Amino acid sequence: METIVECTIDLEFREAGPLTQAAARLRMRDGSEFTAHGVTNRHPDDPGQQRVGEEVAAARALYGLAEQLLEKAGVDIEELTYERAHLTH
């Protein structure tokens, strides 16, 4: 039996000069939510490429979500097994 579960990730960007910030929000099917932020600061000598700043900031925010999900999964495993979970990145 195959089960397909969907979740939603929203990304929002804020840009001010060389600074790009990304906010990522993950909504799980069970209603739980996770949020994380990523920031990048363009070097003054680099050309202004809005897309690149967004990609880097988004990647950092998504990495933050990944860390939170691994932490939650570890807690969930420990609650079920009563043993310490060893999840790696």
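**Figure 1. Pairing of strands E1 and E2 in the predicted model.** Arginine 14 has glutamine 21 as its bridge partner in E2. The two strands concerned are E1, residues 8-16, and E2, which run antiparallel to one another and are paired over nine bridges. Two residues lie between the strands of this hairpin, and within the hairpin glycine 17 adopts a positive phi near 60°.

**Figure 2. The surroundings of threonine 20 in strand E2.** Strand E2 covers residues 19-27 and includes threonine 20. Is this residue buried or exposed? Threonine 20 has a relative accessible area of 5%, and it is therefore classed as buried, the limit being under 20%. Leaving aside residues up to four places away in sequence, the contacts of threonine 20 include Phe13, Arg14 and Glu15. Gly38, Val39 and Thr40 are also among the residues touched by threonine 20, as are Gly53, Glu54 and Ala57.

**Figure 3. The largest pocket and its lining.** The space in this pocket amounts to about 230 Å³. Sixteen residues form its lining, and those nearest the centre are Arg42, Pro47, Gln49, Val52 and Gly53. Two elements each give two or more residues to this lining, namely strand E3 (33-41) and helix H1 (50-81). Which element supplies the largest share of the lining? That element is H1, with four residues. Sorted by class, the lining of the largest pocket consists of nine polar, four nonpolar and three charged residues.

**Figure 4. The second largest pocket and its lining.** About 180 Å³ of space is found in the second largest pocket. Its lining is made up of 11 residues, and Leu70, Glu71, Gly74, Ala85 and Leu87 lie nearest the centre. How many residues of each class line the second largest pocket? Four are charged, four are nonpolar and three are polar.

**Figure 5. Isoleucine 77 and its contacts in helix H1.** Isoleucine 77 is located in helix H1. Its relative accessible area is 35%; because this value falls between the limits of 20% and 50%, isoleucine 77 is described as partly exposed. When residues up to four places away in sequence are not counted, isoleucine 77 touches Tyr82, Ala85 and Leu87. Between isoleucine 77 and leucine 87, the separation is 10 residues in sequence and 9.9 Å in space, taken from C-alpha to C-alpha. Ala85 and Leu87, both touched by isoleucine 77, are also among the residues nearest the centre of the second largest pocket.

Terms used: Residues numbered from 1 in each chain as written. Predicted model: local features only at pLDDT ≥ 70, side-chain atom pairs only at ≥ 80, totals over all residues. Heavy atoms only, no water. 1 Å grid on protein atoms, 1.4 Å probe; cavity = no way out; pocket = protein on both sides within 12 Å on 5 of 7 lines; lining within 4 Å. Points joined across faces, edges and corners; volume = space filled by probe spheres on them. Nonpolar A, V, L, I, M, F, W, Y, C, P; charged D, E, K, R; others polar. Buried < 20%, exposed > 50% of the residue type's maximum accessible area, 1.4 Å probe, protein only. Contact = heavy atoms within 4.5 Å. Pairing = 2+ DSSP bridges.
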